[in-house]
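Reader: I'm new to this one. Can you walk me through how the labels are earned?
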Amino acid sequence: MRLNYKSRANPGRISVALVLSYAFDWLIILAAVAVGSIFAIQTPNKRPFSLTNPEISFPFVHKEKVPLWVLGVCTLILPLIIIAAVALILVPGPTVSKATPKSLIWRRKLWELHTGWLGLALSLASSYVITNGMKNLFGKPRPDLLARCKPDYANVDKYVYANFSTTINLVSAAICTSTDKSTLDDGFRSYPSGHASWSAAGLIYLSLFLASKLAITIPFLPPQSYSKEYESSFGAFPSRAERKAAEKHHQSGETSTEPAGTDDAIVGSRNQAAAPPLYLLVIAVIPWLSSVYISSTRYSDFRHHGFDILFGYFIGTVCAIFAFRYYHLPLTRGAGWSWGPRSRERSFWAGVGVGNYAGSKPRIVNIEQHEMDIENSPIEGRPTNDVGEAESSRVAVKGS
């Protein structure tokens with residue numbers, strides 16, 4: 001009886017199916033950008049408004065603090081450059097032996113670069129299509145709408161949408177006399193903020209990427225049961241507890257050959273983690289703070305209401321966190337790495353009961369059939385969330 005498993009990565013060869021799989025990822029992202037661009041040029045819904053509403057009576061600012069081209073540079077171009085620099089300079093890190101082949105090192109560099117760019121693209125594209133679609137659906141007036149609209153005040157009665165009193169009424173967008181259709185249509189795209197969404201999607205993702213590669217995490221202890229063995233390690237002065245333990249041993253006639261402060265049960269907790277250097281934290285949070293500034297300019301430029309900015313920022317933040325975790329390991333447990341590539345056999349499809357896209361299909365040779373109850377019997381062998389692999393390992397153990 002023998003079990004043979006194909007490895008996930010085939011050294012020296014690149015699977016065509018795997019390349020096409022990730023190329024298809026890029027194609028989907030480009031399709032999302034195309035759909036978002038179509039949304040951007042469509043005429044949005046135009047919510048009726050009041051000519052006496054002070055919240056849409058702000059002046060139209062022609063010179064924005066952060067125009068679209070600056071937004072693109074800050075949230076797309078600069079992150080692309082920074083991710084490339086970090087991946088090519090810092091990867092694979094100090095844990096790699098000097099005897100490691102250069103080709104293998106460059107493979108890892110290029111893979112981290114690819115996943116870094118792919119995650120950034122996913123974050124920006126998803127926030128772009130979601131935000132532009134919502135802008136058209138809601139059609140909320142901007143704070144400077146009346147300045148864009150140039151209402152026909154002489155014929156207000158012709159455009160009344162609803163009367164609430166003698167002084168308050170709603171009018172339709174048909175009252176606008178402006179001939180600049182693009183500017184007027186954009187006046188009904190206040191919710192949610194595109195600048196806030198895009199800045200959060202690009203720059204929060206960059207902060208997460210930098211935090212991952214620079215090992216910036218809040219120090220933490222792994223979960224463990226609170227038992228008597230570790231009780232003293234959480235005390236205010238563990239060394240005093242160790243001294244008392246030594247005195248107790250001395251009274252009982254036992255001697256210890258270990259110097260004070262070496263008991264792992266006492267000093268282990270505080271030595272399992274340490275705060276990273278503060279300058280590295282500053283480097284990691286600079287992109288995030290930049291996204292806050294970009295978002296704030298939309299309020300001072302009278303382009304968005306407060307809630308529009310907050311919700312746009314929320315969209316971008318969710319997209320950034322999701323995209324980062326989709327292609328990268330958790331900050332606290334990932335050691336700065338992205339997830340490895342999919343297996344060749346599961347480049348496009350895994351199926352029900354498989355569990356993930358990283359395993360490989362087992363190839364069973366000369367194996368006897370055994371009746372077994374997977375749910376009631378423990379599965380021996382190495383831990384895995386690949387159901388097929390776990391079942392085959394159990395058969396191998398029972399048949400040997």
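Author: Sure. A disulfide here is a pair of cysteine sulfur atoms within 2.5 Å. This is a predicted model, and a search of the whole structure turns up 1 disulfide.

Reader: What makes the link between C149 and C176 a disulfide?

Author: Their sulfurs sit 1.9 Å apart. The cut-off is 2.5 Å, so a pair at that spacing counts.

Reader: And which parts does the pair tie together?

Author: C149 is in helix α4 (residues 145-149), while C176 is in the loop between β3 (169-171) and α5 (181-186), so the bond ties together parts that are 27 residues apart in sequence. The angle about the S-S bond is -105°, and the link is left-handed. Both cysteines, C149 and C176, are buried.

Reader: Why is C319 called buried, and why is C74 called partly exposed?

Author: Buried means under 20% relative accessible area, and partly exposed runs from there up to 50%. C319 has 9%, so C319 is buried. C74 has 23% relative accessibility, so C74 counts as partly exposed.

Reader: Which residues touch the most other members of the largest nonpolar core?

Author: Those are I29, I83, I204 and Y205, in a core of 40 residues. Helix α6 (194-213) is one of the elements giving two or more residues to this core, and α6 gives the most, with 12.

Reader: What is I204 in contact with, leaving aside neighbours within four places in sequence?

Author: I204 contacts S199, W288, S291, Y313, T317 and A320. Apart from that core lies another, of 13 residues, including L51, V156, A173 and F188.

Note on methods
Residues numbered from 1 in each chain as written. Predicted model: local features only at pLDDT ≥ 70, side-chain atom pairs only at ≥ 80, totals over all residues. Heavy atoms only, no water. Helix = DSSP H or I, 4+ residues; strand = E, 2+ residues; numbered from the N terminus. Buried < 20%, exposed > 50% of the residue type's maximum accessible area, 1.4 Å probe, protein only. Core = buried A, V, L, I, M, F, W, Y, C linked by side-chain atoms within 4.5 Å. Contact = heavy atoms within 4.5 Å.
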